[in-house]
Amino acid sequence: MSKERIQISEALYDIMPSDYQDLVKSSTYGKEDRGWKDIGTSKELIEQHSLCAGCPESMAFRYILASLPNPEDTVMVGSTGCTSLVFPMVAVHNIHSLFGNQNAIASGLKRALSVRFPDRIKDVVVLAGDGATVDIGLDMTLQAWFRQEKFTTICFDNELYANTGGQESGLMQKGFVAKMAPVGKLFEKVRLPEIARESGCHYVVNCTVSKPSLVEKVIRNAVHIAREIGPTYLQLYTPCILEIGKNSMEGLQEMRDSEKPTERFAYKEYVSEPAKQLLAELAAKDKERKAAAKQLAGQASA
Amino acid sequence: MAEAKSIIGTQNKKGQTYTDTWKMMNEAPRTPSFYTGSEVIKEAIRRASCDVMIAYPITPQSEAAALIGELFAEGYIGDYFRGESEFAVMSQCAGAAFGGARVFTTTAGPGTMRAMENFPMWAGARLPIQMIVTCRGINSPLSIQPDTLEIAYLLNTGMLVWHAETAQDFFDWILKGYIVSEEPDVHLPLALCCDGFFVTHTKDVVNLTPADMCLPPYDPYRSPVPCMDMECPPVRMMRDPFVMKSNYISYATHASWQQEIWAAVERSRKHSIHWLNGLIDTENTDAEIMIVASGTAVSQGREAIRLLEDEGVRCGLVKVKTLRPWPEEEIREATKNAKHIFVPEFNVTGWLAREIKATIPNHDRVHAGPHVCGGMTMPPEIIVSEIKTALGMKTFSLAGRGS
């Protein structure tokens with residue numbers, strides 16, 4: 001899809017919702033170096049959200065949607081949970097079907113798009129919570145990686161079932177007292193990033209969403225590597241401030257506290273050898289493009 | 001507007017000609033071939049212009065699912081792989097259909113049950129996936145034998161449900177099924193059921209359409225809901241997600257969506273009548289004794305009618321081809337002269353008899369039986385015996401059946 005596809009017939013322009021008009025006028029579909037810095041100066045691909053005030057998940061959504069390298073040809077797959085309250089307001093095609101089957105949906109989707117559009121790029125990005133990714137959907141998460149399905153899996157790790165009211169999840173920390181863990185969780189936080197690496201993911205990152213520039217970098221890397229090489233996995237800490245007893249304005253600090261070098265969300269990254277090579281090639285191309293642009297700008301001003 | 005160029009008459013990469021489906025099914029020459037049901041599934045899919053098939057082993061559909069893999073290797077199908085479980089496979093099928101592909105899969109018994117959560121989702125998302133169900137037992141202790149109980153669970157999913165009697169039905173209905181379920185005013189998944197082993201593992205003469213003709217490809221842009229391929233504007237679906245709002249608008253939205261799915265099942269009626277030449281087949285509807293059946297119970301019923309005729313008892317037959325849409329009017333009309341209606345079934349609960357009782361006037365005419373289950377065969381003699389007993393005629397006891 002190109003930006004032309006979303007143009008409004010002139011005769012109908014005034015009856016279209018203003019957020020759609022804005023989308024046509026100033027969204028960043030097709031912009032080559034789109035990223036988090038477009039936020040505030042362009043129409044974002046997420047229109048409002050119905051999450052709690054100050055929810056870090058809403059920040060994550062905004063950064064991710066601003067950073068997708070190819071939103072005009074990206075289809076996202078969600079699952080049941082807080083994220084499913086946001087997706088209906090996202091301006092890329094997205095699928096919600098059942099709880100936990102997101103990586104199975106994405107497998108079929110990516111293959112169908114490859115059959116139908118063999119000469120075009122169609123990115124598929126999964127975005128689901130930790131219950132969907134690690135508990136009920138773990139089988140399908142891992143099997144998609146074993147099969148080397150070419151899409152990105154993003155897990156919003158808030159360390160519990162938020163949407164159902166704060167129950168224990170596999171990614172919850174050991175000892176945390178929650179609903180369904182009345183005496184504290186009895187086993188360790190599941191080490192999915194390590195499992196992802198062993199399961200064949202070519203790019204694995206574990207971090208928080210406190211820094212938009214970092215989110216932009218890992219999203220771009222993950223999508224490019226998935227497109228060219230194989231599965232990628234991002235585990236992003238998006239704390240549920242409600243369920244851990246924080247106030248609306250405390251989400252950012254919670255993430256900063258949790259990403260200190262000794263903490264569980266200290267930045268961790270794994271890049272496979274072919275993925276390293278691809279990233280180096282992309283960086284070189286990027287450098288070349290920027291140098292050419294600079295030269296062109298210099299010529300224009302001379 | 002420029003006239004769209006028709007794809008009919010052009011060739012696919014295997015050299016098959018995209019052919020008008022009515023001509024292909026009704027006018028093209030047929031070649032009699034001696035095949036197992038599984039091989040017949042393969043031959044139908046060879047001609048079905050399928051984009052994606054996803055497989056998983058479970059008896060008795062494993063052979064068919066593997067044979068489709070051979071078609072993929074030969075280049076007849078866009079993509080094919082083995083999923084990790086039926087639940088995952090049916091979700092993978094959904095993903096492929098959301099992406100605009102014509103999708104095929106097969107399952108059976110416990111696999112159908114494991115995947116069940118997907119089926120109302122398929123219907124709700126208006127995905128015209130075709131799933132072959134080669135019915136087998138779902139009970140514990142473990143059984144792999146023929147038994148049609150799983151069909152009962154499919155009847156309220158919003159899927160179209162057809163029940164094939166023979167391999168010939170299977171061949172024709174796989175191809176016709178895509179045409180019906182992909183109609184814009186239907187656009188629903190189809191569960192095409194047969195009785196496992198009896199149909200899948202026996203050989204029969206089947207008249208095949210020419211192998212160099214195939215169905216026109218699926219056009220996902222005729223779908224009543226947007227195809228998820230980012231080729232049309234990504235409208236925001238709603239301001240407020242309806243998932244957990246407790247208000248009238250939310251309830252009304254969900255209610256009308258469900259009603260629309262069942263309205264689409266109803267709208268499939270006219271297409272099914274057109275393509276299947278009616279939702280039921282009948283014989284001797286003037287008889288006072290009627291057998292109403294679906295699947296291979298129809299074949300056994302036909303044989304029972306012949307045996308009864310030898311004894312001077314005239315008996316008629318209704319073959320129910322589609323369970324969803326349910327041929328209510330047709331069954332009422334076909335049984336209006338009947339004083340006794342027998343419903344032989346390959347399951348313990350008798351779901352077909354219940355459907356019929358809920359459909360016709362004076363339903364005390366319905367004798368729910370005979371039933372066999374757990375893999376037992378249904379010799380026509382037990383149908384004869386059931387009928388004669390009900391009529392107060394003398395009948396010989398059948399060894400081992402406790403009568």
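In this predicted model, the contact between the two chains draws on 34 residues from chain A and 35 residues from chain B. On the chain A side, strand 1 (74-77), helix 3 (83-86), helix 4 (102-116) and helix 6 (138-146) each chip in with at least two residues. Helix 4 of chain A is the top contributor there, with 11 residues. Sorted by character, the residues on the side of chain A that touches chain B come out as 18 nonpolar, nine polar and seven charged.

Now for chain A as a whole. Chain A is built from 10 helices and seven strands. Its radius of gyration is 20 Å, close to the 19 Å that the globule rule gives for 302 residues, so chain A is as compact as a globular protein of that length. Measured out along its principal axes, the C-alpha trace of chain A spans about 70 × 50 × 40 Å. Some 51% of the 302 residues of chain A count as buried. Among the contacts in chain A with a separation of 6 or more, 67% link residues that sit 24 or more positions apart.

Next comes the packing of nonpolar residues. In soluble globular proteins, nonpolar side chains tend to be buried together. Here, the largest nonpolar core has 193 residues, and Ile68(B) and Phe170(B) are the ones with the most contacts inside it. Helix 4 (residues 86-98) of chain B gives the most to this core, namely nine residues. Both domain 1 (17-222) and domain 2 (280-390) of chain B hand residues to the core, so it lies between them. As for Ile68(B), once its neighbours within four places in sequence are set aside, its contacts are Lys42(B), Ile45(B), Met53(B), Ala55(B), Ile77(B), Tyr80(B) and Phe104(B).

The backbone of chain B also has a few spots worth a look. A cis peptide bond joins Arg324(B) to Pro325(B), with omega at about 0 degrees; Pro325(B) belongs to the loop between strand 14 (322-324) and helix 11 (328-334). Another cis peptide bond links Gly369(B) and Pro370(B), with omega at about 5 degrees, and Pro370(B) sits in the loop between strand 16 (366-367) and helix 13 (380-390).

Then there are positive phi values outside glycine. Asn277(B) has phi near 60 degrees and lies in the loop between helix 9 (248-276) and strand 11 (280-283). With 10 other C-beta atoms within 10 Å, Asn277(B) is exposed. Asn362(B) has a positive phi of about 50 degrees, and its loop runs between helix 12 (351-357) and strand 16 of chain B. Asn362(B) counts as exposed too, with 11 C-beta neighbours inside 10 Å.

Note on methods. Residues numbered from 1 in each chain as written. Chains lettered and ligands numbered in written order. Predicted model: local features only at pLDDT ≥ 70, side-chain atom pairs only at ≥ 80, totals over all residues. Contact = placed C-beta atoms within 7 Å. Helix = DSSP H or I, 4+ residues; strand = E, 2+ residues; numbered from the N terminus. Nonpolar A, V, L, I, M, F, W, Y, C, P; charged D, E, K, R; others polar. Rg over C-alpha atoms; globule rule 2.2 N^0.38 Å. Buried ≥ 20, exposed ≤ 12 C-beta atoms within 10 Å, placed from the backbone. Core = buried A, V, L, I, M, F, W, Y, C linked by C-beta atoms within 7 Å. Domains from an automatic or database assignment.
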